[in-house]
Amino acid sequence: MNTSIIANDRAIRILKNKGALPLTQLARELGLTNEGARFNLIKLAKEGLVSASAVVTGRGRPKQVWALTGAGHALFPDAHAEVAVKLIEQVKTLFGEEGIRAVISASAQDARLRYQAALGGLQDLEAKVKTLAALRDQEGYMARCEQAEQGYLLIEDHCPICSAAAACQNFCSSELQVFRDVLQADVSRTEHVLGGGRRCAYKIVPLKQ
């Protein structure tokens with residue numbers, strides 16, 4: 001594959017994972033010179049996938065950062081978005097809110113059983129969170145586990161069911177409860193795509209004894 005195409009793909013993935021970055025940091029991440037990174041970013045900008053903006057951080061001149069546009073984010077698929085939204089609308093029409101609650105409950109129970117099977121036998125909270133992150137990553141959430149104060153962060157840089165979740169936000173609250181159940185821990189959402197965040201993130205700490 002053309003090295004320029006590889007660099008472009010990597011730049012898009014890095015910006016998806018880390019959010020807006022200045023040119024120098026992105027160049028380091030790509031292993032390129034500043035000029036090499038700029039060349040790739042300009043090409044991506046012409047395709048409408050990235051854009052540059054000025055950010056003021058303290059005193060001094062504004063700093064230019066690069067970020068994905070809506071078209072750039074759209075490169076990461078929202079799994080069966082149109083079909084999922086139509087199904088939700090049809091369930092609401094045929095069975096009302098009670099039908100939607102039943103569907104969400106069944107979906108949550110399916111996820112709960114799958115995650116419990118994978119986490120079964122794990123006692124260490126870190127091992128549980130890392131295993132859950134690996135499972136979510138396989139499901140398309142671009143998930144990872146990071147150490148945090150007094151616990152861990154489960155970070156999901158992409159939501160493959162974003163359209164469905166936007167159409168029925170109870171999906172998000174049921175998902176949060178599933179995490180609490182399978183991890184047997186205190187789980188709180190600290191970032192939320194549907195709340196305007198660029199990703200979803202969850203702080204996970206041991207239950208108080």
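# Reading a predicted fold, step by step

User: Which helix does Gly70 lie in?

Analyst: Gly70 sits in helix α4, which covers residues 70–73. Before we go on, please keep in mind that this is a predicted model.

User: How do I decide about a residue like that: is Gly70 buried or exposed?

Analyst: The general idea is to look at relative accessible area: under 20% is buried, over 50% is exposed, and what lies in between is partly exposed. Gly70 has 55% relative accessibility, so it counts as exposed. You can also look across the chain from here: Gly70 and Val50 are 20 residues apart along the chain, and their C-alpha atoms are separated by 8.5 Å.

User: Let me try another place. Which strand does Lys63 lie in, and how does its relative accessibility count?

Analyst: Lys63 belongs to strand β3, residues 63–68. Its relative accessibility is 37%, and therefore Lys63 counts as partly exposed. Its C-alpha atom is separated by 9.7 Å from that of Leu23, a residue 40 places away along the chain.

User: Where is Trp66 found, and is Trp66 buried or exposed?

Analyst: Trp66 is also in strand β3. With a relative accessible area of 7%, Trp66 is buried. A good next step is to ask what surrounds a residue, leaving aside neighbours within four places in sequence. For Trp66, the contacts found this way are Leu15, Gly19, Ala20, Leu21, Leu23, Leu41, Ala45, Val50, Ser51 and Ala52. One of these, Ser51, is 15 residues away along the chain, and its C-alpha atom is separated from that of Trp66 by 5.7 Å.

User: Now the whole protein. How many helices and strands are there?

Analyst: The protein has eight helices and seven strands. Of its 209 residues, 38% are buried. You can also ask how far apart in sequence the partners in a contact are: among contacts between residues at least 6 apart, 48% join residues at least 24 apart. As for the outside, the accessible surface is about 11900 Å², and carbon and sulfur atoms account for 54% of that.

User: How do I read a nonpolar core, and which residues of the largest one touch the most other members?

Analyst: Think of buried nonpolar residues joined through their side chains. The largest nonpolar core has 24 residues, and those touching the most other members are Tyr115, Leu154, Phe179, Leu183, Val187, Tyr202 and Ile204. The elements giving two or more residues to this core are α5 (81–119), α6 (125–141), β5 (151–156), α8 (170–183), β6 (185–191) and β7 (200–206). Helix α6 gives the most, with six residues.

User: What is Leu154 in contact with?

Analyst: Beyond its neighbours within four places in sequence, Leu154 is in contact with Leu132, Ala133, Ala143, Arg144, Phe179, Cys200, Ala201, Tyr202 and Ile204. There is also a second, separate core of 18 residues, with Ala11, Ile12, Val50 and Leu68 among them.

User: And empty space? How much space lies in the largest cavity?

Analyst: A cavity is a space that a probe fits into but cannot get out of. The structure holds one cavity of 30 Å³ or more, and about 110 Å³ of space lies in the largest cavity. Its lining has 17 residues, and the closest to the centre are Cys159, Ala165, Cys172, Glu175 and Cys200. Two or more lining residues come from each of α6, α7 (162–167), α8 and β7, and α8 has the largest share, three residues. By type, the lining holds 11 nonpolar, two polar and four charged residues.

User: What volume does the second largest pocket have?

Analyst: A pocket, in contrast, is open. The second largest pocket has a volume of about 210 Å³. It is lined by 12 residues, of which Lys16, His73, His158, Cys162 and Val193 are the closest to its centre. The lining of this pocket divides into five nonpolar, three polar and four charged residues.

User: One last feature: what is the phi of Gln150?

Analyst: Most residues other than glycine have a negative phi. Gln150 is not a glycine, yet its phi is positive, about 70°. Gln150 is in the loop between β4 (143–148) and β5, and at 65% relative accessibility it counts as exposed. Gln184 also has a positive phi, near 50°. Gln184 lies in the loop between α8 and β6. Its relative accessible area is 52%, so Gln184 is exposed.

How values were computed. Residues are numbered from 1 along each chain as its sequence is written. This is a predicted model: local features need pLDDT of at least 70, side-chain atom pairs count only at pLDDT 80 or more; totals for chains, interfaces and linings use all residues. Side-chain values use heavy atoms; hydrogens and water are left out. A nonpolar core is a set of buried Ala, Val, Leu, Ile, Met, Phe, Trp, Tyr and Cys residues joined through side-chain atoms within 4.5 Å. Buried means under 20% relative accessible area, exposed over 50%, partly exposed in between (1.4 Å probe, protein chains only). Helices (H or I, at least four residues) and strands (E, at least two) are DSSP runs, numbered from the N terminus. Contact means heavy atoms within 4.5 Å. Accessible areas come from the Shrake-Rupley method with a 1.4 Å probe; for residues, only the protein chains shown count as cover. On a 1 Å grid over the protein atoms alone, a cavity is a set of points where a 1.4 Å probe fits but cannot get out, and a pocket is an open set with protein on both sides within 12 Å along at least five of seven lines; lining residues have an atom within 4 Å of a point. Grid points are joined across faces, edges and corners, and a volume is the space filled by probe spheres set on the points. Ala, Val, Leu, Ile, Met, Phe, Trp, Tyr, Cys and Pro count as nonpolar, Asp, Glu, Lys and Arg as charged, and the others, Gly among them, as polar.
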